[in-house]
Amino acid sequence: MTDTGVVLTGGGARAAYQVGVLRAISDMYPDWENPFRVILGTSAGAINAIGLASAGDRFRHSVSHLESLWLKLTADQIYKSQTLDIIRNMTGVALRVFAGSGEGPPGALLNNSPLRKLLEKEIDFEAVHDAIQSGRLGAVGVNACGYSTGQSVCFFEAAETLKAWSLGQRAGSRTVLTVDHILASAAIPTVFPPVQINREYFGDGVTRQMAHISPALRLGAQRVLVIGVSANGVSPVQRPETPPSPTFAQVITQVFNGMFLDTLDYDIERLRLVNQLLELIPEDRLKASGLQLSPVSLLEISPSEPIDEIAAEFMGGMPLVLRNLVGATDAHHGTSSSLASYLLFDPRFCKALIKLGYQDGQSHATQIERFFRAEDQAQKQEGH
């Protein structure tokens, strides 16, 4: 059986876009059970991944549950959004930095304890375990970065035939998934606190992740749908004639964009290049080489419109302290909407992203149909 995987990448509030794409697929195939045997998530994509894996057998119902969650999401359900809470956290981080103390819990700009409560309420981890045990799912994984070792670790639940792996800075660890794994994967560096798992603190899975698709392949996927949150391809580069000195917000924006957006684009480019090279090698020569390589069927769907521009319409929904932090109140705030898009947990923004994702999913209907039809054909061939 050819296992189909879905890779849901990170990006904070941008991950609402993924739900729109999934809804478009569920509307195309309303009677389907879960079409993905392997589900992999990183950062906020980990929330979508576990939500998709835990919501039941009917794919459409799983997606509807995720959509209802994002449509009612507000900042105070993710982090303590009162001005006093934010200032208290920021002050605590500053004191720890100047004191050079490593004692006590890790500091962060925002307290995301409300997110833990939300996930504990909304996600049925027992359903994930049952789906794995019954064979309805082959594997579910979330990626996180270990702050002591620097390893990019995929924590996964899977059939017993799938083994853990360790390749330098990339590893896979078999476990029973919990809310801690999601919180660790979604802990944006410096923004949300890292989470201790076993003997190490872990943070956002994109921090040192250069091979986004590789864990899905190691978990058994042979064809992969990647739903990204980058609109790099439709966002023209613009340089001012007289550039001002970069602000703190602009610098952090480029750091975040590099982690959340650019590395996935590079990974997809690399996979497509490998596929092209494999097509040029005769099958007998490839077998004789002993290399266990085969082309990976890949479908990528990413935003067709700049998410930054959508975020700019709704930045008023952010707490004032955060608007100041991202530079939204500056006369020339430039890239502030890009930085804001990661923290803009506002129902209006999420609704707009879900709508865009749905439209993009519909516009890819032919590619989606071809992607899943190829799986059906492969299964029929294996049946013969």
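**Surface patch, cores and salt bridges in a predicted model**

A nonpolar patch on the surface is formed by Leu273, Leu277, Leu280 and Ile281, which together have about 400 Å² of accessible area. The model described here is predicted. Within the patch, Leu280 belongs to helix H10. The relative accessibility of Leu280 is 69%, so this residue counts as exposed, the cut-off for that class being over 50%.

Over the whole protein, the exposed area is about 18100 Å², of which carbon and sulfur atoms supply 53%. Buried residues account for 52% of the 384 residues. The secondary structure comprises 16 helices and 10 strands. When contacts between residues at least 6 apart in sequence are considered, 76% of them join residues at least 24 apart.

The largest nonpolar core contains 92 residues. The members that touch the most other members are Phe36, Ile50, Leu52, Trp70, Phe192, Leu225 and Phe349. Helix H2, spanning residues 44-54, gives the most to this core, contributing 7 residues. With neighbours within four places in sequence left aside, the contacts of Ile50 are Ile123, Phe125, Val128, Val140, Val142, Leu177 and Ile182. Another core, of 20 residues, lies apart from the largest one; Val38, Ala139, Leu162 and Ala216 are among its members.

Helix H1 covers residues 16-28. At 1.5 Å a residue, its 13 residues should span 18 Å, and the end C-alpha atoms are 19 Å apart, which agrees. The helix is mostly covered, with 10 of its 13 residues buried. The buried set consists of Ala16, Tyr17, Gln18, Val19, Gly20, Val21, Leu22, Ala24, Ile25 and Ser26. Arg23 and Asp27 are not in this set; both take part in a network of salt bridges that also links Arg60 and Glu67.

The structure holds 12 salt bridges in total. Several of them join residues of one helix, and three such pairs are described below. An α-helix has 3.6 residues a turn, so residues three or four places apart point the same way.

In helix H5 (residues 83-99), Asp85 and Arg88 are 3 residues apart and are therefore separated by about one helical turn. Their side chains meet in a salt bridge, with an N to O distance of 3.0 Å. Asp85 has a relative accessible area of 19% and is therefore buried, the limit for that class being under 20%. Arg88, by contrast, is partly exposed, with a relative accessible area of 47%.

The second pair, Asp267 and Arg270, lies in helix H10 (residues 248-280), also with a separation of 3 residues, about one turn of the helix. The salt bridge between these side chains has an N to O distance of 2.8 Å. Asp267 counts as buried because its relative accessibility is 5%. Arg270 counts as partly exposed at 34% relative accessibility. Helix H10 thus carries this pair as well as Leu280 of the nonpolar patch.

The third pair is found in helix H16 (residues 365-383), where Glu369 and Arg373 are 4 residues apart, about one turn of the helix. The closest N and O atoms of this salt bridge are 2.3 Å apart. Glu369 is partly exposed, with a relative accessible area of 30%. Arg373 likewise counts as partly exposed, at 38% relative accessibility.

Positive phi values were found at two residues other than glycine, Ser43 and Thr190. The phi angle of Ser43 is near 60°. Ser43 lies in the loop between strand E2 (38-42) and H2, the helix that gives the most residues to the largest core. The relative accessibility of Ser43 is 1%, so Ser43 counts as buried. For Thr190, phi is near 70°. The loop that holds Thr190 runs between helix H8 (179-185) and strand E7 (195-197). Thr190 counts as exposed, with 58% relative accessibility.

Terms used:
Residues numbered from 1 in each chain as written. Predicted model: local features only at pLDDT ≥ 70, side-chain atom pairs only at ≥ 80, totals over all residues. Heavy atoms only, no water. Helix = DSSP H or I, 4+ residues; strand = E, 2+ residues; numbered from the N terminus. Buried < 20%, exposed > 50% of the residue type's maximum accessible area, 1.4 Å probe, protein only. Contact = heavy atoms within 4.5 Å. Areas by Shrake-Rupley, 256 points an atom, 1.4 Å probe, with all protein chains shown as cover. Core = buried A, V, L, I, M, F, W, Y, C linked by side-chain atoms within 4.5 Å. Expected span 1.5 Å × (residues − 1). Salt bridge = Lys/Arg side-chain N within 4 Å of Asp/Glu carboxyl O. Patch = residues over 30% accessible without salt bridge, like charges linked within 9 Å, V, L, I, M, F, W, Y side chains within 5 Å.
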